[in-house]
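Visitor: Could you take me in for a close look at one part of this, starting at the surface and then working inward? I'd like the cut-offs as we go.

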Amino acid sequence: MAAFIIEGGHELSGTIIPQGAKNEALQVICATLLTAEPVTISNIPNIRDVNNLIQLLKDIGVKTQPQPTHSQGEAGGRTITFQADDLNLDYLQSDAFVQKCAQLRGSVMMIGPLLARMGKAVIAKPGGDKIGRRRLDTHFLGFERLGAHFSHVAERDVYEISAPTKCPSTLNPQPSTLKGAYMLLDEASVTGTANIIMAAVMAEGTTTIYNAACEPYVQQLCRLLCSMGARISGIASNLLTIEGVSQLHGATHRILPDMIEVGSFIGMAAMVGNGIRIKDVSLANLGIIPNTFRRMGIKIREEGDDLFIPRMRHYEIQSFIDGTIMTLADAPWPGLTPDLLSVLITVATQARGSVLFHQKMFESRLFFVDKLIDMGAQIILCDPHRAVVVGHDRKLQLRGGRMSSPDIRAGIALLIAALSARGTSRIDNIEQIDRGYENIENRLNALGAHITRLA
């Protein structure tokens with residue numbers, strides 16, 4: 001198990017460029033299964049979850065061809081051409097495939113494309129962060145509305161999903177007889193919406209999805225699918241209309257900068273920065289993230305498509321207009337993404353004032369705060385969903401310690417805390433951080449951090 005050794009107390013300064021968006025990459029890479037023609041995707045982050053998904057696609061027969069990149073703005077992101085013209089249907093039914101799916105939550109988004117193009121899919125309960133219950137009901141209910149059937153095979157602990165097929169023995173681009181339908185999703189699930197969209201683009205007739213997730217990731221997926229020949233209207237809203245087409249063709253697509261990494265860098269700049277520029281952030285796609293940090297008292301200058309955070313000797317949490325304590329809660333887009341609450345909690349420990357965090361979506365995501373408490377933070381964990389942070393106003397510096405990363409976002413929050421702490425910290429299980437953040441120690445060391453990786 002790898003670990004980070006962090007020598008805290010060093011100020012960071014300079015320019016950093018965010019990687020391509022992890023969550024978007026997982027969706028658009030799965031979308032390449034919908035056509036036999038080449039699909040080229042750029043700005044792909046070199047992180048564990050994305051690499052595991054690419055390997056999984058290669059295992060089922062998808063050809064991948066890395067492309068040279070010349071644009072300085074690509075920030076090291078890769079360009080890869082995918083071609084799914086000779087899929088191994090036998091491997092799709094194998095236990096080896098199922099076991100790999102069980103280790104990667106992103107694999108769940110292969111169901112929609114496989115169902116649309118092959119008329120069947122097999123999936124295990126997917127892995128990912130242990131942050132609470134993450135059910136698949138929305139996915140399956142949407143597939144059922146399109147005419148698919150699913151069953152649980154207890155002896156293999158897998159789900160088999162199928163639709164009647166016109167020519168199941170070939171790779172014809174339209175073997176499925178899924179039929180368009182109206183559906184009102186039980187929750188605005190991002191992966192559920194993405195999966196249903198990919199299943200519906202080649203269904204017969206029109207599909208209407210109400211209460212659809214409208215995160216930038218989903219918008220980007222829809223734009224890629226439209227460039228492949230799909231007909232989708234209502235993009236960026238919670239009401240999508242999809243007119244099914246007989247087949248899709250090749251396309252090119254560029255992944256957005258990762259807004260969660262942008263938010264992580266804002267938090268890092270507030271706690272340990274001495275002037276940090278976050279370059280090429282795609283400001284129009286950050287939603288309320290910058291303003292949420294501003295409510296924490298952090299100064300953020302927007303300069304073109306860059307964000308500049310000056311040195312913050314002090315930052316004071318705002319109150320509501322009536323003087324009551326600030327409450328920050330996660331919500332579906334365009335609300336605050338839950339992926340940034342861990343970072344915001346860490347940043348609040350050194351603010352002036354108090355703030356209540358309400359994590360509504362996952363019942364285990366706040367359990368990392370005990371590690372911040374061990375470092376000297378003043379946090380009251382009210383219940384699995386709520387925590388009150390009483391800021392130190394930098395009068396009491398966090399102290400280094402040994403901790404373990406429970407998930408991707410808590411991991412980066414603990415890394416930020418360790419950078420600001422007095423003394424040396426060790427973070428174990430950094431494979432969790434590697435799942436979502438590319439080459440993070442070298443990128444931060446270039447700004448002045450002192451982070452060493454132990455294999």
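Guide: Let's start with the surface: Tyr182, Leu184, Tyr210 and Leu239 make a nonpolar patch of about 400 Å². Patch residues have over 30% relative accessible area and no salt bridge, with like charges joined within 9 Å and nonpolar side chains (Val, Leu, Ile, Met, Phe, Trp, Tyr) within 5 Å. A salt bridge here is a side-chain nitrogen of Lys or Arg within 4 Å of a carboxyl oxygen of Asp or Glu, and areas come from the Shrake-Rupley method with a 1.4 Å probe, counting only the protein chains shown as cover for residues.

Keep in mind that this is a predicted model, where local features need pLDDT of at least 70, side-chain atom pairs count only at pLDDT 80 or more, and totals for chains, interfaces and linings use all residues. Residues are numbered from 1 along each chain as its sequence is written, and side-chain values use heavy atoms, with hydrogens and water left out.

Back to the patch: Leu184 sits in strand E9 (residues 182-184); helices (H or I, at least four residues) and strands (E, at least two) are DSSP runs numbered from the N terminus. At 55% relative accessibility Leu184 counts as exposed, given that buried means under 20%, exposed over 50% and partly exposed in between (1.4 Å probe, protein chains only).

Helix H8 (residues 216-227) is another story. Nine of its 12 residues are buried, so H8 is largely enclosed by the rest of the structure; among them are Tyr217, Leu221 and Leu225. Its end C-alpha atoms are 16 Å apart, in agreement with the 16 Å expected at 1.5 Å a residue, that is, 1.5 Å times one less than the number of residues. Just after H8, Gly229 takes a positive phi of about 115°.

Now the rings. There are two aromatic pairs, counting Phe, Tyr and Trp (its six-membered ring) with centres within 6.5 Å, and calling planes under 30 degrees apart stacked, over 60 edge-to-face and the rest tilted. Tyr91 and Phe97 are edge-to-face, at 6.0 Å centre to centre with 70° between the planes, and both are buried. Phe140 and Phe150 are stacked, because their centres are 4.6 Å apart and their planes at 15°. That pair links helix H6 (residues 137-145), home of Phe140, to strand E7 (residues 149-153), home of Phe150. Phe140 is buried at 7%, whereas Phe150, at 32%, is partly exposed.
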